[in-house]
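Q: Could you walk me through this one, starting with what you mean by a helix before we get to the membrane annotation?

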Amino acid sequence: MRRRVRCQTVTASSREGNSSLLTTSSPSAMVSWIISRLVVLIFGTLYPAYSSYKAVKSKDVREYVKWMMYWIIFALFTTAEVITDLFLCWLPFYYELKIAFMVWLLSPYTKGSSVLYRKFVHPTLTSKEKDIDEYLCQAKDKSYDTLMHFGKKSLNVAATAAVMAATKGQGVLSDRLRSFSMHDLTTIDSDGEAKSSASVTTQAASGQHRTRAVMRSKSDAAYSKTSS
């Protein structure tokens with residue numbers, strides 16, 4: 001039971017990249033997990049990639065076929081590893097078995113990848129090739145139709161949103177222009193009333209001033225007559 005708990009902790013940390021989970025497992029489980037990941041990364045990925053480059057560069061058909069068979073087996077191994085890491089990691093020496101399997105695949109003496117491909121993978125793919133091709137064609141057609149369907153929907157939604165935004169923008173603009181025009185008319189009317197009232201006040205003041213001047217002139221004339 002302890003082995004299972006440690007294995008689940010290491011698996012979760014390997015998939016989620018959370019290094020804090022590794023600290024809760026035992027040192028032996030951590031070491032086994034780290035070594036297995038390094039072996040898969042360096043000897044299972046980087047070294048075959050460089051060897052494939054050399055095979056392509058040298059145009060050696062034999063080496064090219066050899067590494068193509070390896071990559072097919074490695075793809076299946078990576079797919080199966082996702083499942084086995086979740087359900088079989090509680091087995092004793094699980095990570096040690098993965099390391100041994102990777103060495104068996106790459107060893108030039110055992111030629112494990114070639115053996116697996118020739119005895120199991122190639123016959124199975126040959127018998128199921130037509131079904132796989134038909135399934136892939138159907139998947140492509142369905143994915144294309146689904147993509148076109150969602151593309152049309154997204155375009156319709158975008159066009160509707162653009163029309164609604166333009167309509168709202170026009171409404172806001174018209175309201176602003178209307179408010180501005182009413183404000184301008186109100187300002188003009190108030191200015192006209194102020195000018196007219198000011199002119200009336202000015203005319204009244206000038207009339208009073210003239211009346212006073214006339215009265216003063218009349219009083220001065222009468223005073224001059226009496227004095228003479």
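A: Helices here are DSSP runs of H or I with at least four residues, numbered from the N terminus, and please keep in mind that this is a predicted model.

Q: OK, so where does UniProt put the transmembrane region?
A: The unreviewed UniProt entry places that feature at residues 30-50 and 70-93.

Q: And how much helix is there over residues 30-50?
A: Residues 30-50 are 100% helix and 0% strand, with 29 Å between the end C-alpha atoms. For residues 70-93, the span is 75% helix and 0% strand, and the end C-alpha atoms lie 24 Å apart.

Q: Switching to packing, how do the axes of H4 and H5 cross?
A: The axes of H4 (residues 61-87) and H5 (residues 94-106) come within 11 Å and cross at roughly 170 degrees. Angles over 145 degrees count as roughly antiparallel, and H4 and H5 are therefore roughly antiparallel to each other.

Q: Which residues meet there?
A: From H4, the contact includes Trp67, Tyr70, Phe74 and Phe77, while the H5 side includes Tyr94, Phe101, Met102 and Leu105. The residues of this H4 and H5 contact divide into 10 nonpolar, one polar and three charged.

Q: New topic: how many cavities of 30 Å³ or more?
A: The count comes to two cavities, and the largest cavity holds about 70 Å³ of space.

Q: What lines the largest cavity?
A: Its lining includes Lys66, Trp67, Tyr70, Leu105, Leu106 and Lys111. H4, H5 and helix H6 (112-227) each supply at least two of the lining residues, and H4 gives the most, with three. By character, the lining of the largest cavity divides into five nonpolar, three polar and two charged residues.

Note on methods:
Residues numbered from 1 in each chain as written. Predicted model: local features only at pLDDT ≥ 70, side-chain atom pairs only at ≥ 80, totals over all residues. Heavy atoms only, no water. Axes fitted to C-alpha atoms, helices over the stretch in contact; angles between N-to-C directions. Parallel < 35°, antiparallel > 145°, perpendicular 65-115°, else oblique. Contact = heavy atoms within 4.5 Å. Nonpolar A, V, L, I, M, F, W, Y, C, P; charged D, E, K, R; others polar. UniProt positions renumbered as here; feature names shortened; annotations may be inferred. 1 Å grid on protein atoms, 1.4 Å probe; cavity = no way out; pocket = protein on both sides within 12 Å on 5 of 7 lines; lining within 4 Å. Points joined across faces, edges and corners; volume = space filled by probe spheres on them.
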